Amino acid sequence: MLRTRSFLWLAIIFLLLVCTACQHQNTDNSAQSSIAATSGNDSAQHIQRTLDTNLSINAEVSAPSNVEKLNTLLVNPLKMNTQQVQALKTQLISNSNITQNNHGFIQTVDGKELFNGTNNLNFHTKKFTYIKPVFCFLPNELYYNADKFKRNQDLSFMPYQKAVEEVKIALTSLGISLDDKVETYSLDYQTMQAQEKIKKANGELTDPRDGSITLKDRWSEEDNCYFMIFRSSLDYVPVYPKSHGHVENNTLVSSDYIYACYSKDGLEYLSINFPYQKTSIDQKDMKIISVEEALAAVKRKYSNVILTDPTTITDIELYYVPTLISQSRDEFRMVPAWCFELGEGITYGDGTHQTVPNTVIIDANTGGEIL
């Protein structure tokens, strides 16, 4: 009898242990399911499908993880103070003899030029005057060729990530808040030599004004450098890096962009245009529409247009977009917005075809288009 009862208690204990283990397993599975259900975010999403006649999408979606609400902000154009700019000037031209220094423009004997305006700063060395013609990085540039250069490839003088960090130090010293995403092109001398030869043969290095040619002719490892495209950010959301609006009705809002070129000798080029600084929160915790809701707005926009050629959405990203408050442009409202990059097909009367880049900006609070 005692032995039977002992077996019975052992059986009960075993069953309890099994049930408890099952319960823990179910709880863990539920937790994993919950994480999986809520961890989906637009930053890892790729959308490819047809939206309408001659309108399709084949695009990566970039956005902060699990974003549901964002503030709208009030911002001012960033005023880089005299002390900050002077420190950068010292870094850039301290070893050069100055030949001209007036109205914010400095020129040196060794070919450096630095201009500090109200909302911009531009610097380049003599070396960059040869690099610039052989590396055209904006997709809508007439002689675009950035796709001929490799990205994120280490060069002999320094790893590209180290070079990026060096430039970041200079930019943050000016009070600029930077987004983590940086486009880095590795400009190796062999590719620059080859591109210069091609561009010379095509007449792309000839100045139409006076017929002069900017030509280095002989490139070496000493010319290796990195070209970087930075984006500023506010509250960890990147600021839209392009101008928008129209000159005709005085609604144009300047782009916020930062370009830099870095070699073994340091900065060869730096261009900072219209950075912003946050002054206050305008509206707190505004609900963000989903990317699908924003896509519906784009589809509605194009439903009023007869598309005779294919138009494809190629990129989608959530940005802070500066919008006008008044014509004074002393203060702007930063609005979260879904920004769609498109390639619009056009067939001309002579039968030639061209794909033209375009952008549609959808207010992520209201779903309306920002023009």
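The side chains of Q195 and N145 are joined by a polar contact of 2.9 Å. By polar contact I mean a pair of N or O atoms within 3.5 Å; within protein, one must be able to donate a hydrogen and the other to accept it, and residues adjacent in sequence count only if both atoms are side-chain atoms. Before going on: this is a predicted model, where local features need pLDDT of at least 70 and side-chain atom pairs count only at pLDDT 80 or more, while totals for chains, interfaces and linings use all residues. Residues are numbered from 1 along each chain as its sequence is written, and side-chain values use heavy atoms, with hydrogens and water left out.

Back to Q195. Q195 sits in helix α5, residues 189-201. Helices here are DSSP runs of H or I with at least four residues, strands are runs of E with at least two, and both are numbered from the N terminus. Q195 is buried, with a relative accessible area of 9%. Buried means under 20% relative accessible area, exposed means over 50%, and partly exposed is in between, using a 1.4 Å probe and protein chains only. Leaving aside residues up to four places away in sequence, Q195 touches V134, N145, K148 and F149; contact means heavy atoms within 4.5 Å.

K199 lies in α5 too. Is K199 buried or exposed? K199 is buried, at a relative accessible area of 3%. Its contacts, again not counting residues up to four places away in sequence, are P133, V134, C136, Y143, N145, E204 and L205. K199 and V134 are 65 residues apart along the chain, and their C-alpha atoms are separated by 7.2 Å.

V134 takes us to helix α3, residues 126-134, where the buried residues are K127, F128, I131 and V134. These fall within an arc of 125° seen down the axis of α3, so they line one face of the helix. The arc is that of the directions from the helix axis to the C-beta atoms. What covers these buried residues of α3 includes α5, along with β7, β9, β10, β13 and β14.

Now the sheet. Nine strands form an open sheet, in the order β4-β5-β6-β7-β14-β13-β10-β9-β8, with antiparallel pairing. The edge strands are β4 (98-102) and β8 (150-151), each of which pairs on one side only. Two strands count as paired if DSSP finds at least two bridges between them. As a general point, strands of a sheet pair through backbone hydrogen bonds, either parallel or antiparallel.

Starting at the β4 edge, four bridges join β4 to β5, and Q100 stands opposite Q107 in β5. β4 and β5 form a hairpin with two residues between them, and H103 in the turn has a positive phi of about 55°. Strand β5 (residues 105-108) is then joined to β6 (residues 113-116) by three bridges, with F105 partnered by F115 in β6.

At the other edge, two bridges join β8 to β9, and the partner of K150 in β9 is S186. Five bridges join β9 to β10, residues 225-230; there, E183 has I229 in β10 as its bridge partner. Why call β9 largely enclosed by the rest of the structure? Because four of the five residues of β9 (residues 183-187) are buried.

Which strands does helix α2 lie across? Helix α2 (residues 82-93) lies across β4, β5, β6, β7 (120-124) and β14 (266-273), running at about 10° to β7. Axes are lines fitted to C-alpha atoms, for helices over the stretch in contact, and angles run from 0 to 180 degrees between N-to-C directions. The buried residues of α2 are V85, L88, K89, L92 and I93. They cover an arc of only 105° around the axis, which puts them on the same side of α2. Their cover includes α4 (160-172) as well as β4, β5, β6, β7 and β14. Exposed residues Q83 and Q91 are on the face of α2 turned away from its buried side.

Last, two loop residues. Y236, in the loop between β11 (233-234) and β12 (237-238), has a positive phi of about 70° although it is not a glycine. Y236 is exposed, with a relative accessible area of 77%. N250, in the loop between β12 and β13 (257-263), has a positive phi near 60°. N250 is partly exposed, at 40% relative accessible area. For background, most residues other than glycine have a negative phi.
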